[in-house]
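User: Please take a close look at the nonpolar core of this model. I am a first-year student, so keep the steps short.

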Amino acid sequence: MTRFLAFPVLLLSLLVLITSGPSLVTHGKDQPVFSTIPPPAKPDKDVKFNSAPGDTSPLMCKGHVDKKVRMYR
Amino acid sequence: MKKTLLIFALVAGMLIAYVPQRTRTQAATTANPVLILYDSTNTQYGKLGFMYAIMLSNLLGHFQLKADLVPVETYTSGQINAHQATFYLGALYDNPLPVSFLSDAAQTTKPMVWFKYNFWKLTWDQTYNFPATHGFTFLSLRGLNGTPSASTPSPGFFDTITYKNKAMMKYYAYDAATNTVKADPDFGLVQITDATKATATVSAKNSGTQEVAPYVVRSGNFWYFADLPLSFIGPRDRYLALCDLLHDILGINHAEQHRAMVRLEDVAATVDPNAMTRLTNFLKSKNIKFSIAAIPFYRDPLGRYNSGVPMEVHLAQATDLLNSLKYAKSRGGSVLMHGYTHQYNNVPNLHTAVSADDFEFWYATGNRPVAEDSFAWAADRLSAGIAELQGSGYEADVFEAPHYQASPKAYAAINGLFQNTYQRVVYYTAETPNLDPNITNHDFSGGMFFPYVISSDYYGQRVLPENLGNIEYDICNIDPTSCFNYTWQDLLTNAQYGLVVRDGFGSFFFHPFWVEQDLSFLNAYNDFVNLVNGITQLGYTWVGMRDLILGVTKLSPNSGSKSGGTNVTIEGTGFEAGATVMFGNASATNVVVVSSAKITCRTPAGAPGDVDVKVTNTDGRTAMLPAGYKYK
């Protein structure tokens with residue numbers, strides 16, 4: 001009977017060993033556990049934002065000035 | 001007994017199978033790049049975090065660092081300590097954060113930087129004991145001081161960051177017609193609870209309430225930024241503080257050094273030689289090297305500027321252009337390629353379909369790639385331009401995208417054909433981006449300027465900086481598309497702000513057409529002179545773009561004993577501290593980088609005959625002078 005149970009007991013021990021390891025803070029397979037801390041109030045909920053990352057410098061320039069009457073070589 | 005052995009073998013095998021898997025996982029991340037974690041939950045702004053991650057990774061290119069860009073939701077335990085530094089970009093309010101990330105962020109001793117949102121998940125959760133260990137905690141989120149309206153368009157917020165005695169105003173614009181705000185006012189208010197552990201290294205002021213609060217807090221290896229200094233960036237923006245602080249965060253200091261550059265822009269077949277001569281003569285009189293952004297093939301398919309008659313001029317036939325380039329080159333000018341035609345095809349792509357007016361590698365009219373967009377399509381155009389420049393005797397190793405914008409595929413082609421770019425750059429969250437804001441989880445684009453050289457950006461490009469902008473004049477009464485002023489004083493102020501970055505450039509461009517005779521009433525020449533003199537007076541040192549490009553031109557002496565030990569002076573450009581020198585396959589000794597143009601060293605022993613001489617900068621770039629030295 002003891003020998004009969006040895007295999008499942010060892011497997012169970014191994015399972016416990018794996019799931020109690022210090023690096024395993026996940027549930028299931030690679031499913032992170034997420035923080036449940038409630039957030040602070042979000043400001044400006046009623047403001048309509050137009051979000052745009054990046055450069056706001058005024059660079060939209062043309063290579064010519066349209067001077068109407070102009071003769072190019 | 002057999003069964004016992006079988007069980008032992010099975011368990012041992014399972015253990016072996018388990019352990020190497022963990023080892024492989026760790027090994028895959030031991031290359032030690034920087035980790036950039038970004039929010040990516042699928043929302044209207046779901047890809048904004050990725051956009052910021054790309055932008056931040058570009059700045060790391062100044063430090064020759066590579067980055068792993070990882071959605072924070074997929075974080076797995078140990079990733080932070082497997083990287084040399086970690087940045088978390090809190091772009092989405094209340095985005096889910098894995099506890100493994102929070103735990104590692106709280107405990108790591110490596111540089112850890114947290115931007116903007118979700119800091120409360122770390123500091124308010126007693127599990128991590130963050131306030132006690134780091135000496136500061138999150139208080140609340142602040143935004144606009146009130147709801148903007150036509151009567152109160154600017155209610156104020158924490159909008160002024162003070163860094164190195166420069167007040168940096170965050171971008172804000174309110175459109176009363178649509179009741180829409182363009183700004184990023186949200187601000188993470190924190191409190192320092194133990195001044196022996198945490199310090200506010202940068203502060204912010206609320207222009208409405210006059211409150212002052214920490215903007216950047218440092219506690220040992222941990223840094224917190226109250227917002228995301230990659231949104232709405234500008235030449236006087238807190239973005240510059242980030243660009244400078246990265247040296248401290250990464251522990252890679254660069255000596256205080258300020259260089260200036262000037263580029264004459266959109267120089268094509270229709271250039272006015274008198275304007276070019278005038279500008280060239282002035283720069284030569286100041287011994288200032290300069291660059292010329294040349295357009296090899298001029299096209300005006302609709303005859304927009306030629307009385308309705310279509311016009312095309314290749315470089316080889318562009319007499320005025322060739323004469324202007326030749327004159328400039330002999331006086332410190334250096335040519336780069338500014339598109340092939342700097343226009344798209346026979347229909348206007350935003351303006352006139354004329355070279356220098358329109359976009360070439362981006363369909364600006366529809367804010368999307370052009371219909372033909374592909375690596376091959378862009379490479380064909382670029383190759384045609386290279387052939388025209390080289391055919392007229394000019395190097396074609398530096399590129400600037402027309403209007404600073406190309407598609408991701410075109411940027412890839414540019415990177416494949418040019419060792420250097422000299423520009424601002426637009427980045428996207430997909431290779432074929434869909435920028436329609438009405439689509440959930442749509443793509444984003446973000447334009448960036450750099451205050452210093454980027455060795456390798458997201459596209460792999462080496463980017464020489466242009467960070468001050470260009471002089472513009474409001475002449476709406478003459479040209480209804482030239483309707484805003486950007487003065488030389490504006491650019492000079494930008495240059496003053498550029499000094500806050502310890503190795504920041506002051507780099508601008510200028511259109512020669514502003515000094516043409518029929519626009520003389522603008523006094524643009526005087527403005528150009530005032531700007532150049534003003535930048536000089538700020539303490540910048542003028543350099544040419546080729547000073548930043550590695551090259552070997554001459555060895556003195558260029559021959560010596562096969563036994564080695566000959567002291568040699570190497571002349572060239574772009575030499576950087578720490579450069580190494582090879583004579584054939586052997587390393588030179590006593591290498592001293594005297595300046596960016598001069599190296600002294602001692603030859604190794606070598607077999608009689610010619611050998612190549614190769615200089616390698618610390619970022620891996622190399623330049624070689626074939627058969628540059630002869631062993632006797």
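Analyst: This is a predicted model. Start with the largest nonpolar core, which holds 182 residues. Within this core, B:Phe101, B:Trp114 and B:Phe508 touch the most other members. Helix H2 of chain B, residues 48–60, gives the largest share of the core, with 10 residues. There is also a second, separate core of 19 residues. Its members include B:Phe575, B:Phe583, B:Val613 and B:Val615.

Now zoom in on B:Trp114. Leave out residues up to four places away in sequence, and B:Trp114 still touches a list of partners. Among them are B:Leu97, B:Leu102 and B:Leu122. Aromatic partners are on the list too, including B:Tyr88, B:Phe101, B:Phe119, B:Phe222 and B:Tyr224.

Next, the rings. B:Trp114 belongs to a cluster linked by ring pairs. The cluster also contains B:Tyr75, B:Tyr88, B:Phe101, B:Phe119, B:Phe130, B:Phe136, B:Phe222 and B:Tyr224. So B:Phe101 and B:Trp114 appear both in this cluster and among the residues that touch the most other members of the largest core.

Over all chains, the count is 47 aromatic pairs. Take B:Phe510 and B:Phe528 as one example. Their ring centres lie 4.8 Å apart and their planes meet at 50°. Planes under 30 degrees apart would be stacked, and over 60 edge-to-face. The angle of 50° is in neither range, so the pair is tilted. This pair links distant parts of the chain, 18 residues apart. B:Phe510 sits in strand S25, residues 506–510 of chain B, and B:Phe528 sits in helix H12, residues 524–537 of chain B. Are these residues buried or exposed? The cut-off for buried is under 20% relative accessible area. B:Phe510 has 0%, so B:Phe510 counts as buried. B:Phe528 also has 0% and is buried.

Some rings have a charge over the face. B:Arg278 lies over the face of B:Tyr525, 4.0 Å from the ring centre. A:Lys42 lies over the face of B:Tyr93, 6.0 Å from the ring centre.

Finally, step back to the whole of chain B. The chain has 12 helices and 35 strands. Of its 632 residues, 57% count as buried. Consider the contacts in chain B with a separation of 6 or more: residues 24 or more positions apart account for 67% of them. The radius of gyration of chain B is 27 Å, which agrees with the value near 26 Å for a compact globule of 632 residues.

How values were computed:
Residues numbered from 1 in each chain as written. Chains lettered and ligands numbered in written order. Predicted model: local features only at pLDDT ≥ 70, side-chain atom pairs only at ≥ 80, totals over all residues. Heavy atoms only, no water. Phe/Tyr/Trp six-rings, centres within 6.5 Å; stacked < 30°, edge-to-face > 60°. Helix = DSSP H or I, 4+ residues; strand = E, 2+ residues; numbered from the N terminus. Buried < 20%, exposed > 50% of the residue type's maximum accessible area, 1.4 Å probe, protein only. Lys NZ or Arg CZ within 6 Å of the ring centre and 35° of its normal. Core = buried A, V, L, I, M, F, W, Y, C linked by side-chain atoms within 4.5 Å. Contact = heavy atoms within 4.5 Å. Rg over C-alpha atoms; globule rule 2.2 N^0.38 Å.
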